[in-house]
Amino acid sequence: MKNILIGVTGGISAYKSANIISKLKKKGYNVKVIMTENATKIITPLTLETLSRNRVYVDMWDKNPHFEVEHISLADWADVVLVAPATYNIVGKVANGIADDMLSTVISACKKPVYFALAMNVNMYENPILKDNIEKLKKYGYKFIEADEGFLACNVNAKGRLKDENEIIEIIEKDNIYREKVLTGKKILITAGRTEEAIDPIRYLSNRSSGQMGYALAKSAVDLGAEVVLISGPTNLEIPTGVKEFVQVRSAQEMYDETIKRFSKMDIAIACAAVADYKPKYYSNEKIKKKDGELTIVLDRNPDILLEMGKLKKEQILIGFAAETENLIENAIGKLERKNLDMIVANDASNMQKSTNEIYIIKGKDSIKSLPEKKKEELAYDILMNI
Ligand code: C5P
């Protein structure tokens, strides 16, 4: 996604389009703008022209110095169209096949994704006609960014306010980022999730890992063209589509066996799983009955999968994770060296069940990169690009 066509309609929040355009330009996108006649009453075309560094289109019958059919060339030029704010009126027009100005005409001629970021008076927002129009347009693939609740220009606190500009941009970027398939032909093994160490047929020892980071890595690696083997402990997550081989395991020992068996054929291995360091020494075939007094469970060390891969490593690139509650960087560097890793991703253990994380990517004492809090899907992409 490089070229973004912004449609500005005549809602009072039209002034916010200036901020959206400015943010998109700062991110390096090419931006062109079409305004409706009504929008020009709220914010001047000159403002948006200056911010987008492109001519702003309003009138279909403007002199056209390039002799192109303007509404066709703009529809072709755009990778994505974002109408922000999108009024009751523009949604109604597009839903009913009306193309009576530049914006509605370009939208009707455009085969690229079109997003409507809704903003209007709460009664208009709740009008069933709008709901019908949205349902109809959704069937044709148009996308909608819901309005937020907040203080509206009509003096009430209700739903109808344009969604935060950063969130609008985030939604569009997430859907439309084109990623070069830089990992084509690479075989990647990823361990993910927690392990469960059985005490008896019913009880086990485990930890709070959700598996989200490992699954996000698997999904991202597939998107980048890799052949992915995902070896996973128990999670509540769906298997990412496109994974070449999915191996379900329960205990650390099972994860060890399945991982070591495949490691020599891999180009890259990422140990993201939260593997139990200890397991109960004695497994009870029968459910342990409660008795008076204390119960002692003796623990035995589990094999360290990553340490073993570090020993076996030849050409492979090996990446580990370090989730710590104290001395994060120091501990991570220690693991990087001790386990013979090429890179380690360090994070605070408190982020284990969250959908976001804040990480350090460490390749050595002199190579420590800090990444701010982001969604795990986005961090997965950053981690893979660093590999
Ligand atoms: O040394 P520590 O267990 O804290 O290191 C964490 C890293 O080692 C993680 O990448 C984790 O997946 C991996 N690990 C492993 N096998 C174990 C324990 C941890 O592969 N038994």
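In this predicted model, the end C-alpha atoms of residues 183-387 lie 10 Å apart. Helix makes up 26% of that span and strand 30%. UniProt, in an unreviewed entry, lists residues 183-387 as "domain: DNA/pantothenate metabolism flavoprotein C-terminal".

The next topic is the ligand. The space that the ligand takes is the largest pocket. Two elements each give two or more residues to the shell around the ligand, namely α11 (305-312) and β17 (317-324).

The residues around the ligand begin, in sequence order, with Ala271, Ala273, Val275 and Asp277. Pro303, Asp304, Ile305 and Leu306 also belong to this group, as do Gly320 and Phe321, and the list ends with Lys335 and Lys339. By residue class, the shell holds 7 nonpolar residues, 4 charged residues and 1 polar residue.

Several polar contacts to the ligand involve the protein backbone, with N and O atoms counted as a contact when within 3.5 Å. An oxygen atom of the ligand lies 2.6 Å from a backbone N or O atom of alanine 273. For proline 303, a polar backbone atom is 2.9 Å from a nitrogen atom of the ligand. Isoleucine 305 likewise places a polar backbone atom 3.0 Å from a nitrogen atom of the ligand. On its own, the ligand has 440 Å² of accessible area, and the protein covers 87% of it.

How values were computed:
Residues numbered from 1 in each chain as written. Predicted model: local features only at pLDDT ≥ 70, side-chain atom pairs only at ≥ 80, totals over all residues. Heavy atoms only, no water. Near = heavy atom within 4 Å. Polar contact = N/O pair within 3.5 Å; in protein donor to acceptor, adjacent residues only side chain to side chain. Areas by Shrake-Rupley, 256 points an atom, 1.4 Å probe, with all protein chains shown as cover. 1 Å grid on protein atoms, 1.4 Å probe; cavity = no way out; pocket = protein on both sides within 12 Å on 5 of 7 lines; lining within 4 Å. Sits in = over half its atoms within 2 Å of the grid points. Helix = DSSP H or I, 4+ residues; strand = E, 2+ residues; numbered from the N terminus. Nonpolar A, V, L, I, M, F, W, Y, C, P; charged D, E, K, R; others polar. UniProt positions renumbered as here; feature names shortened; annotations may be inferred.
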